[in-house]
Number of protein chains: 2
Amino acid sequence: MPTLAQLETPALLLDPIRMDRNVARMQERIRRHGVSLRPHVKTNKSIDVTRRMLEQSLGPVTVSTLREADYFAAHGITDILYAVGITPNKLPHVLALRSKGVRLSIILDSCDAARAVTCVVEGRESARATLDVMLEIDCDGHRSGLTPDSAELLAVAEALRSPQVNLVGVMTHAGSSYNCRSVGAIRAVAEQERAGAVHAADRLRAAGHPCPAVSVGSTPTATFADDLTGVTEVRAGVYVFFDLVMAGLSVCAVDDVALSVLTAVIGHQRDKGWTIVDAGWMAMSRDRGTSSQQVDQGYGLVCDVDGCVLADYTVSSANQEHGIISHRTGDPSRMLDVPVGTLLRILPNHACATAAQHSVYHVLGDAGIVECVWERFNGW
Amino acid sequence: MPTLAQLETPALLLDPIRMDRNVARMQERIRRHGVSLRPHVKTNKSIDVTRRMLEQSLGPVTVSTLREADYFAAHGITDILYAVGITPNKLPHVLALRSKGVRLSIILDSCDAARAVTCVVEGRESARATLDVMLEIDCDGHRSGLTPDSAELLAVAEALRSPQVNLVGVMTHAGSSYNCRSVGAIRAVAEQERAGAVHAADRLRAAGHPCPAVSVGSTPTATFADDLTGVTEVRAGVYVFFDLVMAGLSVCAVDDVALSVLTAVIGHQRDKGWTIVDAGWMAMSRDRGTSSQQVDQGYGLVCDVDGCVLADYTVSSANQEHGIISHRTGDPSRMLDVPVGTLLRILPNHACATAAQHSVYHVLGDAGIVECVWERFNGW
């Protein structure tokens, strides 16, 4: 297997020891609550990574695209939640997967969508065509979903009454946890997430709907939730790799971040204090998630080739295939003065976005060896 | 072939009529200056698109990665400039391509890199191993390159003196043109780009280096340059598709933008004035290039399914697979009130970044038919 010096840069590196530690910690945390964990695999899009996250080979997993559903189903995972609001143009695809024995659930949050879904499945020739549907609940106002107290919640459940539609539960995602400024604030959002989902489920049950599943989650709330009473499963994904946004939220330490981008120095502009590398936004993504946090990490935090953090250096600016590394102070006299060809590693702001720029993970072994290469995919 | 209604969303659409018009206009402009055009193919990464940009099948083209060089060489293009500063770890790859008959040129901007390159090529067993090298010139302080007046310029040229190294010229890229606020400012940057490159070439020639090629370019400066005296070739890439950043610079009209992302409405949050679609940052990229322009287009400008611009609506916020469309004023009473399942098209801020999120172009034919599908690639 190649050494890091033999790789062409830029290249995505994965530290499997950190990854396994991150996975074990989350599993232990969720197990203590006595609920199940349904990993979100949109971050990794790789069967090799996903297998490390699963305690059982059939799942469960959460996906963000039907391409993920296809891929993971083809690898034997049969319990899949597609956690983006369904549109009618995707129902034939959903039904095709279900007809192959994949227990694929969809989500929706409007009477419009509920009627469209019911109409399509009832229009199928085979009465065996069925759909498992979860109602998306808005617990924090950050994106989609029905508010737990709304009249529409019950109306949507009614619109789904059909022998071919199973209302399997409610799900919510406290995306606002990403904008918290303290662990206390994340704990509060976690409780709001739990309470909103449980309240919605209670109302549905009181109206005569079974609603067995109550699904919540985001990596921050899954990490800091004190109480998950009434919840049946937790969804989270980015914890497998972690990233600088999560470190900025105190959800992990910088040393937990399992992904980095290997890059080589291509030049300098000494009067400006710039060290220019071949990891630009194409390799790092344009994600600037730390820009609104206490510590802005630019387009990523710089490490030496062994992964030791050079805490004063970030990728301060990026073009397509160029990254500019400078000292946090901008002081040219403190530039990172290493020769052309020097290898560095950059920790990403957002693991989902950076991984999406690459087609493989180079999995690190001992002493700077790439132990194996794991494929990943993108697209829809 | 499928209609747009038969595509699963999100999907990248390409309008070939706009593309061909954009290409013809740039070719005509550069032809008038009597210089040659070396299209940058990093934007499109597709032989089908690149063939429409080339007047001769062998090239020339500009690339930003060696993977692009491999791919376009495999499709018969033999005149290639790799326009990102070379690092020693990429030289074996460069030499392998050259040994197959590809006229691949590299660039560098330091004595460090010049010595490394010379050392590697002279260390090859075959004296037939040669390298074509261009010196990168910094015409505007925005990124890499040697300043035209610097002593180091001549020192780097000296460090390249070797029977196995051909100093084929100088190249520069006025990246600062992307930050201009007026056409007048772009014209001034174009002249600065020309003058810097020509001055560097003159100094090299006076010192006894042949330096036949003087290569300049960016889409804005290529569009507005008044005078290209002393220049031998122009490089530009994004003009093939154009995008909202270019429209914001007056380099094109919004109606010239040839790329869009087809998306479907998945829900609403009426109290906030949000229409939620299935094109998030995974489909649009995280590029916010218009955020510093006069008109901030969010994550993209909304059109109806036929491509007619809905000028008051942008994707104001994006998660991985969710885009939130709102009225520019944010006024909920003016929300885009269209049903779940409605198809829309989103024009991108930055064509390079948005195209990179997709693996195919769906090429539009008449009446909402997808005429064909062109593949594209990513990675290194």
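**Exercise 1. The two domains of chain A**

Take the 35 Å that separate the centres of domain 1 of chain A and domain 2 of chain A, taken over C-alpha atoms, and work out where the two domains touch.

*Solution.*
- A word on the model before we start: it is predicted, so local features need pLDDT of at least 70 and side-chain atom pairs count only at pLDDT 80 or more, while totals for chains, interfaces and linings use all residues. Residues are numbered from 1 along each chain as its sequence is written, and chains are lettered from A and ligands numbered from 1 in the order in which they are written.
- Step 1: fix the bounds. Domain 1 of chain A is 4–11 + 258–375 and domain 2 is 33–240; such bounds come from an automatic or database domain assignment.
- Step 2: list the contacts. On the domain 1 side 6 residues are in contact with 7 residues of domain 2 of chain A (contact: C-beta atoms, placed from the backbone, within 7 Å).
- Step 3: assign them to elements. α11 and β17 (370–375) of chain A give two or more residues each to this side of domain 1, and α11(A) gives the most, with 3 residues. Helices (H or I, at least four residues) and strands (E, at least two) are DSSP runs, numbered from the N terminus.
- Step 4: sort by class. This side of domain 1 has 5 nonpolar, no polar and 1 charged residues. Here Ala, Val, Leu, Ile, Met, Phe, Trp, Tyr, Cys and Pro count as nonpolar, Asp, Glu, Lys and Arg as charged, and the others, Gly among them, as polar.

**Exercise 2. The relation between the chains**

Find the operation that lays chain A on chain B, then describe how the chains meet.

*Solution.*
- Step 1: recall the general form. Two copies of a chain are related by a rotation about an axis and a shift along it.
- Step 2: read off the values. A turn of 180° with a shift of 0.0 Å along the axis lays chain A on chain B with an RMSD of 0.0 Å. The superposition is by least squares on the C-alpha atoms of residues with pLDDT of at least 70 in both copies.
- Step 3: name the relation, which is that of a two-fold axis. In chain A, A:Arg286 has the C-alpha nearest the axis, 2.5 Å from it.
- Step 4: turn to the interface. Chain A and chain B bring 47 residues each to the contact. On the chain A side, α5 (111–123), β10 (259–269) and α11 (351–355) each supply at least two residues, and β10(A) gives the most, with 4 residues. By class, that side divides into 17 nonpolar, 20 polar and 10 charged residues.
- Step 5: compare the two sides. Of the interface residues of chain A, 100% are also interface residues in chain B, so the copies meet through the same surface.

**Exercise 3. A helix pair in chain B**

At what angle do the axes of helix α5 and helix α6 of chain B cross, and which residues make the contact?

*Solution.*
- Step 1: get the geometry. The axes of α5 (residues 111–122) and α6 (residues 151–159) of chain B come within 8 Å and cross at roughly 5°. Axes are lines fitted to C-alpha atoms, for helices over the stretch in contact, and angles run from 0 to 180 degrees between N-to-C directions.
- Step 2: classify. α5(B) and α6(B) are therefore roughly parallel to each other (angles under 35 degrees count as roughly parallel, over 145 as roughly antiparallel, 65 to 115 as roughly perpendicular and the rest as oblique).
- Step 3: name the residues. α5(B) contributes B:Cys111, B:Ala114, B:Arg115 and B:Thr118, and α6(B) contributes B:Glu152, B:Ala155, B:Val156 and B:Ala159. They divide into 5 nonpolar, 1 polar and 2 charged.

**Exercise 4. The sheet of chain B**

In what order do the strands of the open sheet of chain B lie, and which are the edge strands?

*Solution.*
- Step 1: write the order. The 8 strands run β2-β9-β8-β7-β6-β5-β4-β3, with parallel pairing. Two strands pair if DSSP finds at least two bridges between them.
- Step 2: find the edges. β2 (36–39) and β3 (61–63) of chain B each pair on one side only. The twist averages 30° from one strand to the next.
- Step 3: inspect one pair. Strands β8 (residues 213–216) and β9 (residues 233–236) of chain B are joined by 2 bridges, and B:Val216 has B:Val234 as its bridge partner in β9(B).
- Step 4: add a helix. α7 (residues 183–206) of chain B lies across β6 (131–137), β7 (165–172) and β8, running at about 155° to β7(B).

**Exercise 5. Backbone exceptions**

Where are the cis peptide bond at B:Pro60 and the positive phi of B:Cys211?

*Solution.*
- Step 1: recall the background. Most residues other than glycine have a negative phi, and most peptide bonds are trans.
- Step 2: place the cis bond. The bond from B:Gly59 to B:Pro60 has omega near 5°, and B:Pro60 is in the loop between α2 (47–53) and β3 of chain B.
- Step 3: place the phi. B:Cys211, with phi near 50°, is in the loop between α7 and β8 of chain B.

Definitions and conventions
Contact = placed C-beta atoms within 7 Å.
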